[in-house]
Amino acid sequence: MTFDSAFESVNARIAAACQSGARVRDSVQLLAVSKTFSAAAVAQVAALGQRDFGENYIQEGVDKIAALTALGLTWHCIGPVQGNKTRLVAEHFDWVHSVDRLKIAQRLSDQRPGHLAPLNLCIQVNIDGGASKAGVAPHEALALAREVAALPGLRLRGLMTIPEPAPDFAAALAVHRAAKALFDDLRASGLDLDTLSMGMSADLEAAIQAGSTMVRVGSAIFGGRL
Ligand SMILES: *Cc1c(COP(=O)(O)O)cnc(C)c1O
C-alpha cells in the first residue's frame, strides 16, 4: 500500500480550500493522524514530506515515536489524556491538543523534562455542546487559557475542536465559525495564540473556510481504520 496519491489529493484539497477562502497556503498546516497505522506507514508518509503526525492512543504513539526517532518528526497527542498518562505525554510528545482541565495541564507542566522545549498545548473546546463530550465549555475557555498560559512547562498555542459530523457544508461552517469567533475573542483578550486545530477528513474545507490553522486528517491519507 502506498499513500502517494491520497496524500497528494489531501494537499490539493487544502490548497483549493485556501484559494477559495482567500487564504495563503502556508496559513494552514496538515497534521497527519496515524492512529492504528504502523510505524512503517508513518515512515512512508514522512518520505513524502510530511513532518507532523497525530496519535490518539498514548502508548501506541509512544511506541511509534521510539521506532521513528531517527526521522525527527513532530508528534501531536490528540486523544484523551488521563492523569496516569500525563508523564508519557510530557516526556515524548511535542504537542498536546486535547487538554480540558487545569489539573491535567499542571501535571503536564510539572512533568515536562527540563531539557525539552515547553510542550505545545491546545485547549479542547466542546464547541457544539454535546453533553457527554470532552472539551471545556466555550464560556470557560478564557479562564482556563489564562491559567494554562502561566504554566512554565507549557506553551499555550490555541484551541482544538471535534464537532459532531454536520449534515452539510453550511452546518459545518457555522460550527467552525463559532470556534473561530472564540479563538479571536481569546486573542483580543491578550492571549498570544496562533493555532486553531479543527477540521478532519470529512470537513476540512469548511474548517479552512472558517479559519482553521491546522487540519487533522487521518482516513483521507491512510485509508479506513479497522
Ligand atoms: C481520528 C481523529 C482525527 C482524524 O479523523 P479522520 O476522519 O480519519 O480524518 C482527527 N482528530 C481527532 C481528535 C481524531 O481522533
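Val33 is found in strand β1. This is a predicted model, so keep that in mind throughout. Is Val33 buried or exposed? Val33 counts as buried, because its relative accessibility is 5% and the cut-off for buried is under 20%.

Now look along the chain. Val33 and Val217 are 184 residues apart in sequence. In space, their C-alpha atoms are 5.4 Å apart. Find both residues on the screen. Both belong to the group that surrounds the ligand.

So let's go to the ligand. Which residues surround it? Start with Val33, Lys35, Asn56 and Ile78. Then come Ile162, Met200 and Ser201. The list ends with Arg216, Val217, Gly218, Ser219 and Arg225. Sort this shell by class. It has 5 nonpolar residues, 4 polar ones and 3 charged ones.

Next, some individual distances. Take Arg216. One of its polar side-chain atoms lies 2.9 Å from a nitrogen atom of the ligand. Move on to Ser219. Here a polar backbone atom is 2.7 Å from an oxygen atom of the ligand. Then Arg225. A polar side-chain atom of Arg225 lies 2.8 Å from a ligand oxygen atom. Note the contrast in atom type: Ser219 uses a backbone atom, while Arg225 uses a side-chain atom.

How much of the ligand does the protein bury? Taken alone, the ligand exposes 390 Å². The protein buries 89% of that. And where does the ligand sit? The space it takes is the largest pocket.

Now a helix. His176 lies in helix α7, which covers residues 169-188. His176 has a relative accessible area of 1%, which is under 20%, so His176 is buried. Its partner for a distance check is Pro163. The two are 13 residues apart in sequence. Their C-alpha atoms are 8.2 Å apart in space.

On to the loops. Ala22 is found in the loop between α1 (4-20) and β1 (29-33). What is the phi of Ala22? Phi is near 55°, a positive value in a residue other than glycine. Ala22 counts as exposed, because its relative accessibility is 75% and exposed means over 50%.

Follow the chain through β1 to the next loop. Thr36 sits in the loop between β1 and α2 (39-46). Thr36 is not a glycine, yet it has a positive phi of about 75°. Its relative accessible area is 43%, between the 20% and 50% cut-offs, so Thr36 is partly exposed.

Next is Thr69. Look in the loop between α3 (58-67) and β3 (74-77). Is Thr69 buried or exposed? At 58% relative accessibility, Thr69 counts as exposed. Now compare it with Asp185. Thr69 and Asp185 are 116 residues apart in sequence. From C-alpha to C-alpha, they are 38 Å apart in space.

Last residue: Ala202. You will find it in the loop between β7 (195-197) and α8 (204-210). Ala202 is exposed, because its relative accessible area is 77%, over the 50% cut-off. How far is Ala202 from Ala134 in space? The answer is 20 Å, C-alpha to C-alpha. In sequence, the two are 68 residues apart.

A quick recap. Val33 is buried in this predicted model, and so is His176. Ala22 counts as exposed, as does Thr69, and Ala202 is exposed too. Thr36 is partly exposed. The ligand takes up the space of the largest pocket.

Notes: Residues are numbered from 1 along each chain as its sequence is written. This is a predicted model: local features need pLDDT of at least 70, side-chain atom pairs count only at pLDDT 80 or more; totals for chains, interfaces and linings use all residues. Side-chain values use heavy atoms; hydrogens and water are left out. A residue is near a molecule or strand if one of its heavy atoms lies within 4 Å of it. A polar contact is a pair of N or O atoms within 3.5 Å; within protein, one must be able to donate a hydrogen and the other to accept it, and residues adjacent in sequence count only if both atoms are side-chain atoms. Accessible areas come from the Shrake-Rupley method with a 1.4 Å probe; for residues, only the protein chains shown count as cover. On a 1 Å grid over the protein atoms alone, a cavity is a set of points where a 1.4 Å probe fits but cannot get out, and a pocket is an open set with protein on both sides within 12 Å along at least five of seven lines; lining residues have an atom within 4 Å of a point. A molecule sits in a cavity or pocket if more than half of its atoms lie within 2 Å of its grid points. Ala, Val, Leu, Ile, Met, Phe, Trp, Tyr, Cys and Pro count as nonpolar, Asp, Glu, Lys and Arg as charged, and the others, Gly among them, as polar. Helices (H or I, at least four residues) and strands (E, at least two) are DSSP runs, numbered from the N terminus. Buried means under 20% relative accessible area, exposed over 50%, partly exposed in between (1.4 Å probe, protein chains only).
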